[in-house]
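User: Hi! I'd like to go through this model with you and ask what stands behind each label.

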Amino acid sequence: AVRQFGSLQLGGQVSSGGSSDIWGQLFGDSSSSGSSYGSSNGSSDIFFDIFGSLLSGQRVAPGKSINGLTADNSDWLDVDFIEDHADYILENSIDTTQLVWTNVKGQKLLILPEEQWDLVEDIELNLLYDDGFGYIDLGLDNLFTFDDEGNLIGDWDGTWIALNGQIAPYFMLSSESYDDGYVINGKIRALLNGEAVDILVTFTSENEDGVVLGARKCYDADTTLTVSKGLIPIEDGDEIQFICDYYNYNGTFEDGYRMDTTITVDGDLTISNVYLDDPENVVATYRISDIFNNHYWMPNLND
């Protein structure tokens with residue numbers, strides 16, 4: 001079942017022409033912009049042409065791949081299962097030509113037919129800060145609103161999550177709703193006394209402001225398979241410095257970026273939403289994820 005699930009996800013990535021990233025979709029690099037092959041022509045023959053090309057190490061377009069997959073490391077793939085479900089994959093691929101903002105009475109809306117909304121798995125607000133040399137990735141949060149007609153409202157209020165009043169790189173990890181409430185778990189990437197950690201936070205219907213649970217050590221995936229168990233308590237006198245991914249204007253990952261401010265812990269840590277000083281320097285976009293774990297970025301809300 002796990003093999004078939006993975007094969008189905010990969011087939012869905014093939015139907016969109018391979019994995020793509022934020023840079024081509026937002027900044028006009030046609031080499032990595034997304035397009036849905038399945039929704040645009042519905043041809044299983046073309047689907048398998050693309051599938052064969054990607055597995056043979058070729059690329060349908062520069063910047064396209066399937067998560068590094070090649071013929072040399074794809075023994076786990078159930079190709080027969082993908083072939084049997086090719087029509088399903090093609091019929092359930094998001095039509096990326098519809099992922100545009102429509103201006104309705106001064107408000108930006110994403111208007112999709114119901115069958116396209118059924119293919120959307122997640123919606124997350126993604127902020128990138130332009131510091132004059134490149135982009136600092138501030139993370140992903142599940143902040144979004146629909147209007148009465150079921151359209152996604154393209155709006156950002158100029159704020160982002162902060163720890164002790166300092167803007168932080170925040171990533172939502174999970175979200176679950178119940179009849180009588182909700183639980184949202186997330187992480188803030190940081191150095192705790194010089195050691196790379198994720199500071200884990202949780203928001204609930206009982207505590208909407210959020211609570212810091214503690215820190216979890218980050219390990220280098222290239223050198224160890226160890227998973228950190230338990231949480232490191234954050235105590236008075238500890239020093240926290242946030243770290244972000246940093247990209248140049250070509251979309252190339254440069255390095256982990258250490259934010260200037262260091263927090264010295266003195267009492268309970270507080271979570272809040274803080275206005276950015278210069279929101280005009282922010283790329284604010286919604287990342288749409290489909291049922292095959294493809295990601296698509298909406299046009300910049302600040303354009």
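Analyst: Happy to help. A point to keep in mind is that this is a predicted model. Two bridges join strand S6 (residues 159–163) to S7, and these strands run antiparallel.

User: What makes S6 and S7 a pair of strands?

Analyst: Pairing takes at least two bridges between the strands. S6 and S7 are joined by two bridges, so they meet that cut-off. In S7, Gln 166 is the bridge partner of Leu 163. The open sheet has three strands in the order S7-S6-S14, with antiparallel pairing. Its edge strands are S7 (166–167) and S14 (271–275), each of which pairs on one side only.

User: How confident is the predictor, and where is confidence lowest and highest in the chain?

Analyst: The average pLDDT of the chain is 80, and 68% of the residues score at least 70. Confidence is lowest in helix H3 (residues 37–41), with a mean of 40, and highest in strand S5 (residues 152–154), at 98. Over residues 30–44 pLDDT stays under 50, and the model has 50 contacts beyond four places in sequence for them. Residues 221–227 also stay under 50, with two such contacts.

User: Why is Trp 101 called buried?

Analyst: Buried means under 20% relative accessible area. Trp 101 is at 16%, so it counts as buried. Tyr 286 has a relative accessible area of 2%, so that residue is buried too.

User: What makes Trp 101 and Tyr 286 an edge-to-face aromatic pair?

Analyst: Rings pair if their centres lie within 6.5 Å, and planes over 60 degrees apart count as edge-to-face. Here the centres are 6.1 Å apart with 70 degrees between the planes, so both conditions are met. The pair links distant parts of the chain: Trp 101 is in the loop between helix H6 (86–91) and strand S1 (102–104), Tyr 286 is in strand S15 (residues 282–290), and they are 185 residues apart.

User: Why is the pair of Phe 144 and Phe 146 edge-to-face?

Analyst: Their ring centres are 5.8 Å apart and their planes stand at 85 degrees, so the pair is edge-to-face. Phe 144 and Phe 146 form one aromatic cluster with Trp 117.

User: Are Phe 144 and Phe 146 buried or partly exposed?

Analyst: Partly exposed lies between the 20% and 50% cut-offs. Phe 144 has a relative accessible area of 34%, so it is partly exposed. Phe 146, at 35%, is therefore partly exposed as well.

User: How do you know which label fits Cys 218 and which fits Cys 244?

Analyst: Cys 218 has a relative accessible area of 31%, which means it is partly exposed. Cys 244, at 1%, is under 20% and therefore buried. The structure holds zero disulfides.

User: What makes Asp 290 buried, and what does it touch?

Analyst: Its relative accessibility is 3%, under the 20% cut-off, so Asp 290 counts as buried. Asp 290 sits in strand S15. Leaving out residues up to four places away in sequence, Asp 290 touches Ile 94, Leu 119, Val 120, Glu 121 and Tyr 296. Asp 290 and Glu 121 are 169 residues apart in sequence, yet 4.9 Å apart in space, C-alpha to C-alpha.

User: How do you know that the side chains of Asp 290 and Tyr 296 make a polar contact?

Analyst: A polar contact needs N or O atoms within 3.5 Å, one able to donate a hydrogen and the other to accept it. The contact between these side chains is at 3.2 Å, within that limit. A polar atom of the Asp 290 side chain also lies 2.8 Å from the backbone nitrogen of Asn 294.

Key. Residues are numbered from 1 along each chain as its sequence is written. Side-chain values use heavy atoms; hydrogens and water are left out. Helices (H or I, at least four residues) and strands (E, at least two) are DSSP runs, numbered from the N terminus. pLDDT is the predictor's confidence in each residue, from 0 to 100. Contact means heavy atoms within 4.5 Å. A disulfide is a pair of cysteine sulfur atoms within 2.5 Å. Buried means under 20% relative accessible area, exposed over 50%, partly exposed in between (1.4 Å probe, protein chains only). Rings of Phe, Tyr and Trp (its six-membered ring) pair if their centres lie within 6.5 Å; planes under 30 degrees apart count as stacked, over 60 as edge-to-face and the rest as tilted.
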